[in-house]
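Dear colleague,

I am passing on the structure we spoke about, and you will find it just below. My notes follow it, and I would be glad if you read them with the model open beside you.

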Amino acid sequence: MDKNQILDAVQNIFRDNFDDDTLVITPATSAQDIEDWDSLEQINLLTAMEKKFGIKFKLEDVRNLNNVGDILELIARLSA
Amino acid sequence: MNLLSYPFDSGEILQKKRRLKKMLNEKEGLPEKRIAILSGSTIGEIQNLLELFLLDNGIRPVFHQGEYSLFYEELVFDDGSLKAFAPDIIYIHTSSRNIRHWPSPAASAQEAEALLEDEYSRFEKAALAGLRFGCPVILNNFDLPVTRPMGNYEASSPAGKVRFVRRLNEKLAQLADNTPNLYLQDLAYLQAQFGMDSFSDQTAWYAYKYCCAIDKLPDLCCNLAAIIKSCFGLNKKALALDLDNTLWGGIIGDDGPEGIQLGSESPTGMAYSEFQQYIKDLGQMGVLLNVDSKNEPANAKEGFAREDSVLKEEDFLCFKANWEPKSQNLSAMAKEINILPESFVFVDDNPAEREIIRQQLPGVAVPEMTAPEEYARVLDRNRYFEVTTLSADDRNRARMYKENYQRTAAQENFGSYEEYLKSLEMTGGFYPFDMEHAPRITQLINKTNQFNLTTRRYSAAQVEGMIQSPEYITLYGQLADKFGDNGIVSAIIGHREDNNLDIELWIMSCRTFKRQMEFAMFDHLVEACRNSGITTLTGHYSPTPKNLLVQDFYGTIGFEETECDDQGNKSYLYRIPEDFSPMCQVIQSQSNPTKE
C-alpha cells in the first residue's frame, strides 16, 4: 500500500468517525483542526486503523502522534 | 438491520457512533433517566456507547460523569454534586484494576484473609453509600488478573491472586443477593466470554486506562444497558416461536413427528433439544411462550407430544399454528394476552418471515437465527429478558395468563358481563403498602405501562419510605377468583395536602382489566380518605404512547377535568360525596393480606 492509498483509507476512517462525508485531511491536519478530535476520539481512530490495516500499535507507538502525518508514517512503518 | 443487536460489529459501532446517535435521537417520547457513572478506570467512551444502547432500549439518558478513578471518594464523601444530580441509576465502573493490595506468593492464609476483608469492605462501602441516593446501584464484579506468577496454584492457594478474585466475587454475590436495589454486572463473565487475552488488553490499560479492550466496550455497554432497562421494566415479555427448523429440525407436516430432528440421536437433534431447554428456562422466569407457525394445528402438536420433546403443548400460552400471515398471528396474540406487540421477540429461522415482521411490526425484536447450534446464544446475548429480580409472580406468570384464558372461555356462557363477573367469585385484598410486599409493588410500578395514569417510576427506597409516612396514603390490591390467585395487581400512591389527596400514581396490571378491580381500588381509596378527614381528590393523566387506554379514566369514575395542556396532560378534581356508595359490586373484600 503506497502513501496515497494509506491517506485515502485514513481519510475514510476520519469521515466515518466524525460522521462527515466531506472531511478532507492532509498530513498537516491535527486535533486543532477538527472540533471533535479529542483524546477519546483519538483512541477510536487508532482502534479503527488497527482493524483496517491489520496492525497492532504498541504502547510507545501511540505516544507523540501530533498530526495525521505522524499517523500515516506509523502505519507505513508497521505495515511495511 | 439493527446495528446494535447481537451479533453486532463492535468496530462499526465505535466508528459510526455519531451517526447512530443522530438516528436514535429521532425516537420521540422516550422516558428520561438520570444515570451517574462513577469511575474506577476511564469511562469517557462508556458514556457514549451506553447512551446508544439505552436509546435503543427506549431510554433517554442524562449523564453525570465521576472524576477519573474517584468512585470511592465521590460515593462515600459526596460533595453534594451526586445528590444534586438526583440519579435514577448509579453505575460503579470498577474492575480488578481497582484492587489495591493483592496477596503476594509469600502471604500467609491469615494475611490473605485480612487483605480480602480489606478490599471487599472498600467496595461494599462504596456500593452501600450509593444506595443512600435511593436508586438502583450497579457494581461490577472482578475480572481475573492477566498474570499468575504461581500458575495453576494461584487457583487453590489462599495467597493466589486468582483465588483472591474468585473469593471477592463470591462475597460480592452474597452482598448483592442480600441487598435490595444492588445489582452486579458480571464483568468476570464478560471477560470469559471473549477470553482474557482479547478482553483484558494491556495496551488499552497502560495507554488509556481502559479496564478492557476498546473493541469490547460496546459489549460491556450492551450488557450494562440490559440491567438498566430491566430495572425500569423495559424487558421483553413474550416469545413468538416458529416450529419447523426453529424448535425442531425438518418439516413436521412432511416428515411426521417421528421424522423431525429432535433428541440425542443426532447432533442436529441435540442442538434443537438444548434450544428447547433454553426456551423452557425462559418460561420458568415468566417469559410467555407462544407458537406462531405455518402448520396444521394437529401436526404441530404432534411434535410436542414426542416423549423426548423438552417443550410440551402446555408450556405455551397461545398456540397459533395456521396459514395466516405470522404478523397477523402475532398482533392477535398480543391482543389476546393483553400486552403490546413490541413486548414480543419473534424467533424464526426463515429470513423472509423475519423481514415481514420487521416491516409490519417494527417494535417487535427479531433476532437473526442462522443455525440451530447458535439459536440459544443469539437469544441469550441480546439480553431481551434480563432478570434483576425474580418474584413468585414471575415464576407463576404463565399459569396466571392461562387462567385468564379459562376465564375468557367461561365468559361466553353468560348472558351479561356482570353475571359473568359475579360467577368468578372474586375476592380482593386492599391494604396500605407494607414491607413484606414492597418489592412486588415496586416491580409492578416500574413495569406497568398501559393502565398507568402518570407513568411515574419509584425506587424500592422511595416505596419503602411511604410505608407509615403520614404524608402519603397508599393502597395495593390483591385479586383472586375461582380460577386462581393473581397476586398483587394494582397500586395507588396519594400525597396528602391538607384536606386533599393528590393521586401521584395509579396503576393496574393488564391481567385484571375489565374486572371492576379499578372500581374496588377507588372504593377503598375513598374509604381511607374519609377515615383521615380528606374531602377531595386530585388526579392527573400524562399521555405516553402506551397508556391511551386510561386517557378518559378519571372522567368515567366521576372526576371533573380542571386543566388540560396542549400536550394532553390533564388534571381532575373529585369531591367525595357525603353519601358515597361503592362502585364495585362484584369483588368481596378479605381482611388479611396473603403471602406473596
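In which sense, parallel or antiparallel, do strand S16 (residues 560–564) and strand S17 (residues 570–575) of chain B pair, and over how many bridges? Please keep in mind while looking that this is a predicted model. The two strands pair in the antiparallel sense, and 4 bridges join them. Within that pairing, B:Glu560 has B:Leu573 of S17(B) opposite it. Together S16(B) and S17(B) make a hairpin, with 5 residues between the strands, and B:Gly568, which sits in the turn, has a positive phi of about 90 degrees. S16(B) lies largely in the open, because the number of buried residues among its 5 is 0; for that count, a residue is buried if 20 or more other C-beta atoms lie within 10 Å of its own.

Chain B also contains an open sheet of 5 strands with parallel pairing, in the order S2-S1-S3-S4-S5. Its edge strands are S2 (60–65) and S5 (182–185) of chain B, each of which pairs on one side only. On average, neighbouring strands of this sheet are turned by 25 degrees against each other, with direction ignored. Inside the sheet, strand S3 (residues 89–93) and strand S4 (residues 137–140) of chain B pair in the parallel sense over 3 bridges, and B:Ile92 has B:Leu139 in S4(B) as its bridge partner. Helix H6 (residues 109–131) of chain B packs on this sheet, where it touches S3, S4 and S5 of chain B, and the direction of H6 makes about 165 degrees with that of S4(B).

Another open sheet in chain B has 4 strands, again with parallel pairing, in the order S8-S7-S6-S9. Strand S8 (319–322) and strand S9 (344–347) of chain B are at its edges with a single partner strand each, so one side of each has no neighbour in the sheet. Here the average turn between neighbouring strands is 15 degrees, direction ignored. Strand S6 (residues 238–241) and strand S7 (residues 288–294) of chain B are joined in the parallel sense by 4 bridges, and in S7(B) it is B:Leu289 that serves as the bridge partner of B:Leu239.

Next, a pair of helices. Two packed helices are described by the angle between their axes and the distance between the axes. For helix H15 (residues 326–337) and helix H16 (residues 351–360) of chain B, the axes come within 9 Å and cross at roughly 55 degrees; the two helices are therefore oblique to each other. The crossing of H15(B) past H16(B) is right-handed. From H15(B), the residues B:Lys326, B:Ser327 and B:Leu330 meet B:Glu353, B:Ile356, B:Ile357 and B:Gln360 of H16(B). Sorted by class, this contact has 3 nonpolar, 2 polar and 2 charged residues.

Finally, which numbers of residues do chain B and chain A bring to their contact? Chain B gives 14 residues and chain A gives 12 residues. On the side of chain B that touches chain A, helices H1 (10–15), H2 (17–24), H3 (44–56) and H10 (202–208) of chain B each supply at least two residues, and the largest share, 4 residues, comes from H10(B). By class, the residues on this side of chain B divide into 5 nonpolar, 4 polar and 5 charged.

With best wishes

Conventions
Residues are numbered from 1 along each chain as its sequence is written. Chains are lettered from A and ligands numbered from 1 in the order in which they are written. This is a predicted model: local features need pLDDT of at least 70, side-chain atom pairs count only at pLDDT 80 or more; totals for chains, interfaces and linings use all residues. A residue is buried if 20 or more other C-beta atoms lie within 10 Å of its own, exposed if 12 or fewer, and partly exposed in between; C-beta atoms are placed from the backbone. Two strands pair if DSSP finds at least two bridges between them. Axes are lines fitted to C-alpha atoms, for helices over the stretch in contact, and angles run from 0 to 180 degrees between N-to-C directions. Angles under 35 degrees count as roughly parallel, over 145 as roughly antiparallel, 65 to 115 as roughly perpendicular and the rest as oblique. A crossing is left-handed if the near helix is turned anticlockwise from the far one by less than a right angle, and right-handed if clockwise. Two residues are in contact if their C-beta atoms, placed from the backbone, lie within 7 Å. Ala, Val, Leu, Ile, Met, Phe, Trp, Tyr, Cys and Pro count as nonpolar, Asp, Glu, Lys and Arg as charged, and the others, Gly among them, as polar.
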